[in-house]
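Below are some notes from my reading of this entry, set out as numbered points. Please go through them with the sequence and the structure open beside you.

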Amino acid sequence: MRCSSTSPAVQQPQNSESLVQGAAAHWIAPDRLLWFADRGADRYELRFSANADISVTTAGVSGGDAIPLTPGADLTSAQSETWPHMADWPAFSLASDRNLAQQAIRGPVFAIAYDSEGNVTEATRVQVPGLIDSFFRFDGTLGPVYKGDDIVLRVWAPTAHSLSLSLYDDAKNEAGSVAGSYDAETGVWTFTGPAADWDRKFYRLAIRVWHHENRLINEYEVTDPYSVSLSTDSYFSQFADLAGDPSLKPVGWDDIRKQQPRPVDITLYEAHVRDFSIFDQSVPELHRGTFMAFTHNGKGGRSLSNGMRHLIALQEAGLTHLHLLPVNDITTVIENRDERIDLDQPYSRLCEQMPDAEQLKPYCERFGDTPIYEAFKELAAEDPATTSIQLPYSIRGRYQSLARMDGFNWGYDPFHFNAVEGSYSTDPNGVQRIIEFREMVKALHEIGLKLVVDVVYNHTSAHGLERRSVLDRVVPGYYQRYDVVSGEIETSTCCPNTAAEHYMKERLLIDSVVFWAKYYKVDSFRFDLMGHHPREVMERLMDALAELTLEEHGVDGKNIYVYGEGWNFGEVADNRIFFQATQFNMNGTGIGNFNDRKRDGIRGRNFTDSGRFQGFTSGQYLFPNEDAGADRSQQRSDLLFQADQIRVGMAGNLRSYPFINRTGERVTGITDRIGYTDLPQETVNYIDKHDNETLWDNTQTKLPHDMSMDDRVRVHLLSLAFINYGQGVPFHQMGSDILRSKSLDRNSFDSGDWFNEVDFTLQTHNWGRGLPPSWDNERNWDRQREFLTNPVIRVEEAHMRLAHEVFRDQLRVRYSSPLFRLETAEEIKTRVMFHNTGPDQQPGIIAMTISDGRCAGPSLDPNLDGLLVIFNAHNEPQTFETGLRGMRLHDLLVSGADAVVKTADISADGTVSLPPLTAAVFVKPQGNMQGDFVCNLN
């Protein structure tokens with residue numbers, strides 16, 4: 001096996017770059033370079049060398065070729081638009097062509113300023129992605145393609161001095177080396193070989209390339225950025241024919257045709273592959289924590305697991321889409337099960353792996369060969385806020401502890417974008433992961449669920465010359481985003497950022513999403529940190545997906561729903577580098593954005609960020625907690641603002657939605673920067689997801705300590721009702737319907753199976769399972785201990801079962817009428833109206849009508865003239881005058897699981913009597929013809 005190495009023959013003279021500072025010059029076009037150079041310099045030059053033999057020292061400059069730089073150049077309008085963050089930089093003109101550019105990008109490039117005596121006054125490395133985009137774009141298919149009897153492999157690597165293909169057999173012994181042909185027009189290397197010989201062979205790319213990290217020409221082997229299959233732990237790529245090989249397809253795979261619903265008809269349920277089944281005893285042991293757990297759906301003679309029974313129950317109530325956290329190849333989980341330490345193994349294994357961890361020794365002596373899970377149970381039973389459980393996860397820092405040795409990670413650390421993650425397969429070595437992922441897709445399709453995959457294109461898990469770095473080893477300095485002055489990698493996302501503003505990184509993003517839709521029949525995509533991508537890239541992605549058809553591909557590409565995190569932060573913030581795909585920039589695209597405004601209004605902001613600051617449902621002003629303070633006027637003001645956030649969110653978070661706000665002004669949704677959509681499908685309404693505290697956990701920190709368990713459950717369900725009864729696309733974290741807890745962990749991405757457990761049998765609950773791992777929680781441990789040891793909070797099976805059944809009732813109500821799922825802004829602005837608004841509103845009551853009366857236009861629901869959805873956030877009964885006549889409680893609530901909501905009533909004159917902490921839906925049945933019902937006249 002060849003490993004990374006450097007070529008000593010091309011090492012540069014010692015101290016050759018002692019005067020070179022940062023990477024503050026940018027070759028953005030063949031004739032333009034941007035650089036804040038020494039303005040007093042006598043002359044400027046660009047110096048490059050494919051041999052990497054340039055020396056820039058106090059003794060002078062030697063090596064390479066020089067091109068004069070002429071200051072005072074202008075940028076074209078197109079260049080200013082492409083490079084807005086540097087549009088005001090001094091520009092230099094120079095003369096270059098494709099041949100010169102090809103030589104330049106294969107080695108270091110420096111911009112140098114000299115004084116009149118020829119001394120260097122300033123020197124910096126030049127960043128060249130703009131030049132690469134000018135000359136070396138490729139619009140064909142990259143990666144392996146089966147063509148007739150051959151396999152054609154194309155790799156885009158314009159900076160490589162050489163590139164060859166190393167083949168390996170099943171035992172990973174080298175089985176030959178193949179030279180490729182290089183196309184200087186596109187920067188693509190092509191390799192062709194017989195499919196009969198190459199199919200299922202493992203391979204790597206042997207590359208010779210200059211890298212800015214060590215400033216040397218290096219020779220090493222690297223996997224294919226467009227890999228479709230991999231060996232265990234991703235040391236080798238593998239050839240596999242996803243399109244034509246029937247052995248890679250479940251029975252009936254090619255016959256699956258997936259018609260997509262309207263986006264507003266979607267409800268999303270976010271899950272993690274391992275969480276879903278790792279502790280599910282109804283799943284065969286080999287399948288737990290894998291894609292195959294989803295195949296136990298009771299169809300075709302297969303068993304029915306507890307988890308799949310739960311999903312089927314939700315689907316029957318209306319759930320449409322299962323969202324899975326990243327399923328592509330990741331770096332942070334050991335795929336070889338024999339090398340991992342999981343919770344079913346003896347505690348002594350922890351001690352063997354961390355023999356120097358003094359704090360563990362008492363537990364090693366106590367537990368010995370007791371399974372780790374059982375040891376943790378014992379510790380949590382002794383103290384629900386113990387630090388002893390989190391200890392193995394953090395004792396030597398996350399990277400040398402149980403967190404790195406076990407089989408759990410959320411997966412936001414992409415390695416190969418087009419290959420399935422091997423740790424979720426029963427055999428991570430080769431194509432079994434492909435087969436089993438497709439089996440999962442088919443099994444979900446059989447129970448009527450669409451599949452969403454979470455995609456992470458905004459960063460990689462590594463850069464530079466590290467083994468887990470792929471893109472930056474194939475084309476160094478191109479795919480990642482670097483600081484424009486220092487040249488250091490940008491890491492605002494968490495990890496090495498990528499640069500989709502560069503043409504071939506955009507291509508990779510689009511190619512990859514289309515690949516998953518086409519070859520895995522994925523129905524929807526959720527973009528991690530979408531705001532770090534340009535809006536125009538996302539729009540071009542939608543265009544590319546729309547080319548997939550049911551007739552040709554079995555995929556309804558034009559209706560695939562795309563949504564993501566449109567957060568605005570980091571080096572790209574405020575459209576600095578490009579017009580971002582952020583919340584307030586994406587209106588009109590049809591792409592969804594997570595609605596944190598409605599979330600914060602309902603539940604209050606995250607405990608970690610804002611302490612015990614309460615939300616609309618968790619007691620703001622209405623039942624203040626012990627930390628609320630005495631300023632009742634401010635509490636009321638905060639409550640009324642939260643009500644406005646919720647109202648706009650309930651109206652599809654439309655920018656243009658007209659309503660009367662808390663001060664009595666006639667405003668639209670964008671006021672106070674709440675609404676950001678032009679279409680209701682552009683708001684993904686959520687109250688919790690994998691990030692931050694779960695809804696249950698966050699709510700417990702907000703409520704008064706002595707609130708009863710029954711009321712705590714009602715607060716939880718009231719919060720969920722705001723999501724399920726609103727316009728837009730509802731989104732729920734798996735387990736929210738059964739009061740999911742992570743023992744207050746605010747970031748459980750690497751906290752292992754213990755803190756992330758979900759029990760669909762409802763026999764266990766995760767509240768009070770010890771203080772969560774220190775790395776992201778320790779500063780809050782004192783307060784967390786206060787909540788976790790509160791004797792009032794004891795979650796029993798009956799609480800979880802009620803929550804699940806009421807949640808299903810809410811879904812049934814949502815899908816009982818199209819009025820809950822209006823498709824256009826005009827429909828919402830006409831039909832949806834809020835009562836009880838303005839400065840004199842009755843605090844804690846939100847009342848929303850949805851009209852299907854004559855004033856609303858054509859009838860959408862033949863059974864109803866309209867709906868009244870009303871929420872009481874008080875912990876006491878309330879009455880409210882609506883003036884609506886002929887209303888009755890929704891039949892599904894009358895027959896539902898919540899005994900309390902059945903006591904809600906509306907009198908003949910429209911006076912609503914609401915029990916505490918309750919969401920109720922009243923309907924006005926339609927007679928023989930469409931009748932009258934209130935419309936929005938704002």
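Which residue in E26 is the bridge partner of Asp454? The partner of Asp454 is Arg526, and the points below begin from that pair; the model is a predicted one, and the remarks should be read with that in mind.

1. The barrel. The pair just named belongs to the pairing of strand E25 (residues 450-455) with strand E26 (residues 524-527), which is parallel and runs over four bridges. Both strands are part of a closed barrel of eight, in the order E21-E22-E25-E26-E27-E28-E31-E32, with parallel pairing. From one strand to the next the twist averages 30 degrees.

2. Helices on the sheet. Helix H12 (residues 432-446) packs on the sheet, where it touches strand E22 (321-324) as well as E25, and its direction makes about 135 degrees with that of E25. Helix H17 (residues 596-603) also packs on the sheet, touching strand E28 (592-595) and strand E31 (683-686), and here the direction of the helix makes about 20 degrees with that of E28.

3. The geometry and burial of H12. The 15 residues of H12 should span 21 Å at 1.5 Å a residue, and the end C-alpha atoms are indeed 21 Å apart, which agrees. Eleven of the 15 residues are buried, so H12 is largely enclosed by the rest of the structure. The buried residues include charged ones such as Arg433, Glu436, Arg438 and Lys442, alongside Ile434, Ile435, Phe437 and Leu444. After the helix comes Gly448, which has a positive phi near 85 degrees.

4. The loop that leads into H12. Tyr424 is placed in the loop between strand E24 (414-420) and H12. With a relative accessibility of 2%, Tyr424 counts as buried. Setting aside neighbours within four places in sequence, Tyr424 is in contact with His272, Val273, Arg274, Gly289, Thr290, Phe291, Pro326, Asn409, Trp410 and Glu436; Glu436 is itself one of the buried residues of H12. Tyr424 and Val327 are 97 residues apart in sequence, yet their C-alpha atoms are 8.1 Å apart in space.

5. Strand E17 and its partners. Nine of the ten residues of E17 are buried, so this strand is largely enclosed by the rest of the structure. E17 runs antiparallel to E13, to which it is joined by seven bridges, and within that pairing Leu165 has Leu205 in E17 as its bridge partner. Two bridges join E17 to strand E20 (residues 237-238), again in the antiparallel sense, and there Phe202 stands opposite Gln238. With strand E18 (residues 216-222), E17 pairs in the antiparallel sense over seven bridges, and His211 stands opposite Leu216. The hairpin of E17 and E18 has four residues between the strands, and in this hairpin Arg215 takes a positive phi near 60 degrees.

6. Positive phi in residues other than glycine. Two loop residues deserve a look at their backbone. Lys172, in the loop between strand E13 (162-168) and strand E14 (174-179), has a positive phi near 70 degrees although it is not a glycine. Arg200, in the loop between helix H4 (195-198) and strand E17 (202-211), likewise has a positive phi near 70 degrees and is not a glycine. As to burial, Lys172 has a relative accessible area of 19% and is classed as buried, whereas Arg200, at 25% relative accessibility, counts as partly exposed. The cut-off for buried is under 20%, and the class given to Lys172 should be read against it.

7. The pairing of H21 and H25. The axes of helix H21 (residues 709-724) and helix H25 (residues 797-814) come within 10 Å and cross at roughly 25 degrees. The two helices are therefore roughly parallel to each other, and H21 passes H25 in a right-handed crossing. In H21 the residues that meet H25 include Met709, Val713, Leu717, Leu720 and Ile723, and those that they meet in H25 include His799, Ala803, Val806, Phe807 and Leu811. Asp710 and Asn724 in H21, and Gln810 and Arg814 in H25, are also among the residues at this meeting of the helices.

Methods:
Residues numbered from 1 in each chain as written. Predicted model: local features only at pLDDT ≥ 70, side-chain atom pairs only at ≥ 80, totals over all residues. Heavy atoms only, no water. Pairing = 2+ DSSP bridges. Axes fitted to C-alpha atoms, helices over the stretch in contact; angles between N-to-C directions. Contact = heavy atoms within 4.5 Å. Expected span 1.5 Å × (residues − 1). Buried < 20%, exposed > 50% of the residue type's maximum accessible area, 1.4 Å probe, protein only. Parallel < 35°, antiparallel > 145°, perpendicular 65-115°, else oblique. Left-handed = near helix turned anticlockwise from the far one by under 90°.
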